Amino acid sequence: MKITVLGAGSWGTTLAILLASKRHEVRLWAHRPEFARALEADRENKRYLKGILFPASLHVVENLHDAVNAAEMIVTAVPSHALRATAAAFADLNLDGKVIVNVAKGIERNTGKRMSEVLLEALPAVTPEQIAALYGPSHAEEVARQQPTTVVACSVSETTARQVQEAFHTSAFRVYVNTDLIGVEIAGSVKNVIAIAAGISDGLGFGDNAKAAIITRGLAEISRLSAKLGADPLTMSGLSGIGDLVVTCLSRHSRNRYVGEQIGKGRKLDDILGEMSMVAEGVLSSKAVLELANRLGVDMPITRAVYEMLFEDKPAPQAILDLMEREPKPENY
Ligand SMILES: NC(=O)C1=CN([C@@H]2O[C@H](COP(=O)(O)OP(=O)(O)OC[C@H]3O[C@@H](n4cnc5c(N)ncnc54)[C@H](OP(=O)(O)O)[C@@H]3O)[C@@H](O)[C@H]2O)C=CC1
Ligand SMILES: O=C(CO)COP(=O)(O)O
């Protein structure tokens, strides 16, 4: 297939290499032309994925329209806050029959929209059946080294989801199919917020009990939000649900867990983000998720605590105490 990957961070680059290794004809687009030229000169992404060389069938492109026009499948791998503008920049092209696979995990600030909703708004000529998400526990650092990984290709159209499965599946990258797009996108995005809480627990020096509590009660609040939005509860026990939540809360690779760990150690958010080159989606998503939850009347205490620690300077020990001292509750509500 002819596949274009938009976004040359660690995940876009990893997926472009995976797809090119499957002998697809792959184009990788970077939003800064000088960076695209460096990628082509080095045949390696020295900034975001050092040490992994590009296969011959991976072409770096500078022109967004050429990249999109050439593709049968378009993979959007820019940070979630850049997805709307990136999509709008090619909305006037003929997108008939093209499948758009989003891999960015986030909830849009100000609108509370999922990434597929953002794509549908930014690309008015595209139908829901053309859109898919590829989500699940998949740190780029491990996928790039062909370590065993499982993900889920999801679309409201099972045919589209199967096309995505076929395009990406390898013996090291096992792709399942799902059609519950709401559940997959909500779970795969809100887990970044819960992973910040897990990192805060690490930074405060708490142990395995606290980590298990955050994962389990985090899943409970993700499940409440998803259910309110009409998702299938079974998705929460799948790869984009508990799978991605566990990997992000536990992994040394996770940028969201890292941000949390630094907050737990008492550092300021601006200082932490100022020295990171990579994106930690849970920071912006915490605000969007909290607003969405408030609008829908869904109780999300861990998300609220993360927001207060990140944006209202609430000291982490106080936030944990407040969480623990809430009124005792039944486990399921
Ligand atoms: N890394 C991973 O393991 C995984 C990441 N994801 C998701 O993939 C998405 C992309 O993350 P990832 O690849 O890790 O990102 P990185 O943090 O590795 O890099 C960020 C990339 O986004 C680019 N970028 C920044 N601003 C813009 C913009 N306005 N328009 C277009 N591109 C922009 C950066 O380019 P530059 O530096 O040149 O400005 C850089 O290429 C995120 O939503 C993330 O949650 C999902 C699964 C795994
Ligand atoms: O989504 C991811 C793994 O599945 C990446 O998580 P981080 O953005 O926290 O590194």
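Which residues does UniProt list for "binding site"? In the unreviewed entry, the residues given under this heading are Gly7, Ala8, Gly9, Ser10, Trp11, Gly12, Ala140 and Arg255. The structure described here is a predicted model, and the surroundings of ligand 1 and ligand 2 were examined in it, together with two of the listed positions.

Ligand 1 is surrounded by 26 residues, of which Gly9, Trp11, Ala82, Ala104 and Met278 come nearest. Gly9 and Trp11 also appear in the UniProt list. By class, 13 residues of the shell around ligand 1 are nonpolar, 10 are polar and three are charged. Helix H1, which spans residues 10-21, gives the most to this shell, with three residues. Both domain 1 (2-179) and domain 2 (182-325) give residues to the shell, so ligand 1 lies between them.

Around ligand 2 there are 14 residues, and those that come nearest are Ser138, Thr248, Ser254, Arg255 and Asn256. Among them, Arg255 is included in the UniProt record under "binding site". The shell around ligand 2 consists of three nonpolar, seven polar and four charged residues. At least two residues of this shell are supplied by each of helix H8 (181-203), helix H10 (239-250) and helix H11 (255-264). The largest share, three residues, comes from H10. Domain 1 (2-179) and domain 2 (182-325) each contribute at least three residues to the shell around ligand 2.

Two further positions from the UniProt list, Ala8 and Gly12, were considered in terms of their placement, burial and contacts. Alanine 8 is located in the loop between strand S1 (2-6) and H1. This residue is buried, because 25 other C-beta atoms lie within 10 Å, where 20 or more are required. Beyond its neighbours within four places in sequence, alanine 8 is in contact with Thr13, Leu28, Ala30, Phe35, Leu39 and Asn45.

Glycine 12 is placed in helix H1, the helix that gives the most residues to the shell around ligand 1. Glycine 12 has 25 C-beta neighbours inside 10 Å and therefore counts as buried. When its neighbours within four places in sequence are left aside, the contacts of glycine 12 are Val5, Gly7, Leu28 and Ala77. Leu28 is thus in contact with alanine 8 and with glycine 12. Gly7, another contact of glycine 12, is itself one of the positions listed by UniProt.

Key. Residues numbered from 1 in each chain as written. Chains lettered and ligands numbered in written order. Predicted model: local features only at pLDDT ≥ 70, side-chain atom pairs only at ≥ 80, totals over all residues. Near = placed C-beta within 6 Å. Helix = DSSP H or I, 4+ residues; strand = E, 2+ residues; numbered from the N terminus. Nonpolar A, V, L, I, M, F, W, Y, C, P; charged D, E, K, R; others polar. Domains from an automatic or database assignment. UniProt positions renumbered as here; feature names shortened; annotations may be inferred. Buried ≥ 20, exposed ≤ 12 C-beta atoms within 10 Å, placed from the backbone. Contact = placed C-beta atoms within 7 Å.
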